[in-house]
Amino acid sequence: MFTLAEVASLSDIQPTYRILKPWWDVFMDYLAVVMLMVAIFAGTMQLTKDQVVCLPVLQSTVNPKVQPDAAGKADFTTVETTTGQEEASMRTISFGAPTVTPDILSRATSSQYQPTESDQELKKEQKDSSGRKTNLDFQQYVFINQMCYHLALPWYSKYFPYLVLIHTIILIVSSNFWFKYPKTCSKIEHFVSILGKCFESPWTTKALSETACEDSEENKQRLTGAQSLPKYVSTSSDEGSPSASTPMITKSGFKFSADKPMIEIPSVTILDKKDGEQAKALFEKVRKFRAHVEDSDLIYKLYVGQTVIKTVKFIFILCYTANFVNTISFEHICNPKVEHLIGYTQFECTHNMAYMLKKLLISYISLICVYGFICLYTLFWLFRIPLKEYSFEKVREESSFSDIPDVKNDFAFLLHMVDQYDQLYSKRFGVFLSEVSENKLRGISLNHEWTYEKLRQHVSRNAQDKQELHLFMLSGVPDAVFDLTDLDVLKLELIPEAKITAKISQMTNLQELHLYHCPAKVEQTAFSFLRDHLRCLHVKFTDVAEIPAWVYLLKTLRELYLIGNLNSENNKMIGLESLRELRHLKILHVKSNLTKIPPNITDVAPHLTKLVIHNDGTKLVVLNSLKKMTNVAELELQNCELERIPHAIFSLSNLQELDLKSNSIRTIEEIISFQHLKRLTCLKLWHNKIVSIPSSITHVKNLESLYLSNNKLETLPAAVFSLQKLRCLDVSYNSIAVIPVEIGLLQNLQHFHITGNKVDVLPKQLFKCVKLRTLSLGQNCITSIPDKVSQLLQLTYLELKGNCLDRLPATLGQCQLLRKSGLVVEDHLFDTLPSEVKEVLNQDTGIPFANGI
């Protein structure tokens, strides 16, 4: 037989799970333990005591109430209980009598009824007699007792302890199965762990104590009036109006003021950095756990299922057990049909445990009834309210965190179960479901880490010699940023919870703002400042929804850079139609994957002077909207998979610079139409597939810069050199073998790039371009440099690396502006120069070099 401790281990659960056990589960566990004790006590009694005691029924004393049935079978009808004297008489047996034959037995039986010779002898005989002799030995009594135990006793009297034990084990398993089943156990374990950490987190105490502080301050305001308000508490009562007096923090949640920045009310507790990091980790755990648990209701269904099983089990036990209460009796008649072994046909037996078992059975039925009523109450509780929904309405009313969301499914059910233990758990847990609470924590941690001194160390000078601060992947914008009043450029990247407060109005020098994947929110006063002072805005996004709506209301904005996904599917959502409000916008830079220029962009076309579209390899098909942009002076259509020069460009009469870089243009026969663009001075057709330059290029007489690098040109037509105003010619990385002698006609040429071609000879006419400042001849097949290079007195940059040269001309020393830093050549070639030339080239090496490109 196993012990109570071994059986009780079936109901053993982790102590931390007790918060998920309501009072009825706890009560049912104790009832199950009592039922276990009943089963073990009854079983122990049956094993340690004699089961039944049987005596043969003599023929003369057979109870007339007990009659065999018609078939001659043993009658197991229970007789009435005998008196104490009769019972003692039946249990008094002489085991020392010798064995007798049936004849002797019959004679002895008959002699018992013959009249005595005298009354004195009869009285003496009765006085000396201690019971009637049966002449059975001990083994025969043991045999009869065992046989009659199985034949005469009802089955319930024999198996009652074991049935109680089995039923109790089933009830225990049903009560705690949801703690053991893997798919629910894992969720419960995580929930209990997170709940305990949230309950004990210092951030919980801090957040709730701040709520108490805020409530006390509000009560004080209502009692004392506006004149006696504390210094740092706002006096406004209209939380919806964007006025200067609107408080940053109200009882219903965070409200961002129009003028005043958020000033935190001093809290009762102090949160150190370690506690702050642990609290941030808890917010992340709660968020992931909620997403994991809210998608199913397995825990709820399993708990309901096991409660239904317990209820059905209770009904089953009660129905069949009540029928067997009266079957347990003390006396039983047994007819074992073993007369040939014993000599008797009928025995009267006593069940020693009958009285105890009956009392235990009544106790067990009482326990089962109580257990069943609790199960019925549990079912009533499960279906009385929707347990798959949980509202934090009371928590929202009692705290300043009005954004605590309602939860559902298993998450809601677990919180309902916790409420049965202690509602304080849910109140403290709700703090970690609030975005306001999380943002407040982030703000405290952020301001603690990013002080003014640390931010000042990250300020740098950019290429435009402006003071620039770049903040990357922070939880928000530190308050100390707005104290950097001399900052010119502010870059915010991957800061999803960025908030620009009214303190930005202190940054009077700020004119450029970068928002990279950062849908920043601004207060009303902050927006007013940006609207009046911001000149340049860069917005990088993945989806159009990330572009803040206030961007389209910056009326004084001059430059707007949009980098992100604006494909045809999103074109309907593009807020570019709001650009009509940007009346002073001059530069629009769009780096995206457009298939057509959005028609709404023409709303700002009359104001634009520069339009840049970088299309990331997506073919730009529709360009008709360009015709309306009559004031555009600079147009860039890069990586748009254009195969020809778009005709819409020829309508841009004010166009001065055209850049068609990285397209698929093969022919430029349309270049003759550029003669109508009188102001066109710069044409960039680099990184295309152009194989030839048409002679009609001579009609573009005002051209000053021509970029044709990274194409498939093999020759340079003489028509190119008729462009007398040409100052920059770039034909690098083509297949040009000869530099035409007509190059000498370009007297205004200052920059000539022919790197990466097949040139082997430099014509002497090249050195007639005396205004040359930059000459790139690298990676060709040039074998020598003419001495006439000394005529290039304004030369500051000369690239010769990657040719077939064996020496450099000594006349390089006569190029007065050329220095070693501007001479790109192999070291061994530089060593071939005379020492005096080296000294000249090495002079003033510390002076900054500019090649003029």
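Where is the place of F380? F380 sits in helix 13, and the views below start there. This is a predicted model, where local features need pLDDT of at least 70, side-chain atom pairs count only at pLDDT 80 or more, and totals for chains, interfaces and linings use all residues. Residues are numbered from 1 along each chain as its sequence is written, and side-chain values use heavy atoms, with hydrogens and water left out.

**View 1. A nonpolar patch on the surface, made of W23, F27, V370, Y377 and F380.** Together these residues offer about 490 Å² of accessible area (Shrake-Rupley method, 1.4 Å probe, only the protein chains shown counting as cover for residues). Patch members have over 30% relative accessible area and no salt bridge; nonpolar side chains (Val, Leu, Ile, Met, Phe, Trp, Tyr) are joined within 5 Å, like charges within 9 Å. Helix 2 (23-48) and helix 13 (354-384) each give two or more residues to the patch, and helix 13 has the largest share, with 3 residues. Helices here are DSSP runs of H or I with at least four residues, strands are runs of E with at least two, and both are numbered from the N terminus.

**View 2. Spans that UniProt, in an unreviewed entry, labels "transmembrane region": 27-47, 159-179 and 361-383.** UniProt positions follow the numbering used here, feature names are shortened, and annotations may be inferred rather than shown by experiment. Residues 27-47 are 100% helix and 0% strand, with end C-alpha atoms 30 Å apart. Residues 159-179 are also 100% helix and 0% strand, and there the end C-alpha atoms lie 31 Å apart.

**View 3. N409 and its surroundings, in helix 15 (residues 409-421).** N409 counts as buried because its relative accessibility is 18% (buried is under 20%, exposed over 50%, partly exposed in between, with a 1.4 Å probe and protein chains only). Leaving out residues up to four places away in sequence, N409 touches V293, E294, D295, S296, D297, L387 and K388, where contact means heavy atoms within 4.5 Å. Its side chain also reaches the backbone oxygen of E294 at 2.6 Å.

**View 4. The D297–K388 salt bridge, with its closest N and O atoms 3.0 Å apart.** A salt bridge puts a side-chain nitrogen of Lys or Arg within 4 Å of a carboxyl oxygen of Asp or Glu. The pair links distant parts of the chain, 91 residues apart: D297 is in the loop between helix 10 (273-293) and helix 11 (298-322), while K388 is in the loop between helix 13 and strand 6 (389-390). D297 is buried at 14% relative accessible area, whereas K388 is partly exposed at 30%. A search of the whole structure finds 19 salt bridges.

**View 5. R644 paired with E670, closest N and O atoms 2.5 Å apart.** R644 is in the loop between strand 18 (634-638) and strand 19 (657-659), and E670 is in the loop between strand 19 and strand 20 (682-684). They are 26 residues apart. R644 is partly exposed at 45% relative accessibility, but E670 is buried at 7%.

**View 6. G813, in the loop between strand 25 (797-799) and strand 26 (823-824).** With 22% relative accessibility, G813 counts as partly exposed. G813 touches V837 and V840, again not counting residues up to four places away in sequence. K838 is 25 residues from G813 in sequence and 7.8 Å away in space, C-alpha to C-alpha.

Methods. Polar contact = N/O pair within 3.5 Å; in protein donor to acceptor, adjacent residues only side chain to side chain.
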